[in-house]
Amino acid sequence: LPICQCLPETLTAYCDSDHAGCPLTRRSRSGLALVWGKHLLKRNSAVQSTVALSSGESEYYALLKASSQALGLKALLADWGLAAQLRMLVRSDSSAARGVANREGLGKQRHLDVRYLWVQDKVRTGVLSVGPVGTHENVADLFTKALEESTMRRHLKALHFTNHGQRSGRHRDLDA
């Protein structure tokens, strides 16, 4: 079999943000997880460079970051001959962000800089698609906010992480 027939068909980018999460600068944090099949290929958590005026805007900036990272990863896989039929799906739990990405033009978001609308062209031409993910299933939450242990474990399980109950042996013993 040629190698490409055995590989997953979809590269999925999960994205999220915490609107104005930094108490000093009021900047939002974007988080993303790039998943190919059962494999987490890339994750990122970073403070956004622009102050967002709404939660929808900060979620859209997170969607842009995830889209650009997915396109870059697809280009890398294409260089290796592994992305012939690879579909790209960006998943967001924000209907506002998905709405901006799936339409053409600014709509009611008049304050967005036109340079942030490139993802609309990628969606329109079929280079990538933008779809929903349930708020409780968005694994990018791991990279944007503090989570309850049960939620964190559920997301790690969704990313196929396993805990073998062992530590590396290089850690400090805090009980001593």
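The legends below accompany several close-up views of a predicted model.

**View 1. The whole chain, with four helices and five strands.**
Followed along the sequence, the elements of the chain come in the pattern β-β-β-α-β-α-α-β-α. Of the 176 residues in the chain, 39% are buried, and the accessible surface comes to about 10800 Å², with 52% of this area belonging to carbon and sulfur atoms. When contacts between residues at least 6 apart in sequence are considered, 63% of them join residues that are at least 24 apart.

**View 2. The open sheet of five strands.**
Across the sheet the strands stand in the order E3-E2-E1-E4-E5, and their pairing is mixed. Strand E3, covering residues 39-47, and strand E5, covering residues 129-132, are the edge strands, each of which pairs on one side only. On average, and with direction ignored, neighbouring strands of this sheet are turned by 20 degrees against each other. As background for a reader new to sheets, strands pair through backbone hydrogen bonds, in either a parallel or an antiparallel manner.

**View 3. The pairing of strands E1 and E2.**
Strand E1, made of residues 10-18, runs antiparallel to strand E2, made of residues 29-36, and eight bridges join this pair. One position to look for is Leu11, whose bridge partner in E2 is Trp36.

**View 4. Helices H1 and H2 packed on the sheet.**
Helix H1, which spans residues 55-79, packs on the sheet and touches E1, E2, E3, strand E4 (87-92) and E5. The direction of helix H1 makes about 155 degrees with that of E1. Helix H2, which spans residues 95-102, also packs on the sheet, where it touches E4 and E5, and its direction makes about 155 degrees with that of E5.

**View 5. The salt bridge between Arg87 and Glu9.**
The structure holds five salt bridges, and in the one shown here the closest N and O atoms of Arg87 and Glu9 are 3.6 Å apart. Because Arg87 lies in strand E4 while Glu9 lies in the segment before E1, the pair ties together parts of the chain that are 78 residues apart in sequence. Glu9 has a relative accessibility of 54% and therefore counts as exposed, the cut-off for that class being over 50%.

**View 6. The salt bridge between Asp121 and Arg124 in helix H3.**
Both residues lie in helix H3, which covers residues 118-124, and they are three residues apart, or about one turn of the helix. Their closest N and O atoms are 2.7 Å apart. Asp121 is partly exposed, with a relative accessible area of 32%, whereas Arg124, at 51% relative accessibility, counts as exposed.

**View 7. The salt bridge between Arg153 and Glu149 in helix H4.**
Here the closest N and O atoms of Arg153 and Glu149 are 2.9 Å apart. The two residues are four residues apart in helix H4, which covers residues 149-158, so about one helical turn separates them. The relative accessibility of Arg153 is 46%, and Arg153 therefore counts as partly exposed.

**View 8. A network formed by Asp16, Asp141 and Lys145.**
In this last view, salt bridges link Asp16, Asp141 and Lys145 in a network.

Note on methods
Residues are numbered from 1 along each chain as its sequence is written. This is a predicted model: local features need pLDDT of at least 70, side-chain atom pairs count only at pLDDT 80 or more; totals for chains, interfaces and linings use all residues. Side-chain values use heavy atoms; hydrogens and water are left out. Two strands pair if DSSP finds at least two bridges between them. Axes are lines fitted to C-alpha atoms, for helices over the stretch in contact, and angles run from 0 to 180 degrees between N-to-C directions. Contact means heavy atoms within 4.5 Å. Buried means under 20% relative accessible area, exposed over 50%, partly exposed in between (1.4 Å probe, protein chains only). Accessible areas come from the Shrake-Rupley method with a 1.4 Å probe; for residues, only the protein chains shown count as cover. A salt bridge is a side-chain nitrogen of Lys or Arg within 4 Å of a carboxyl oxygen of Asp or Glu.
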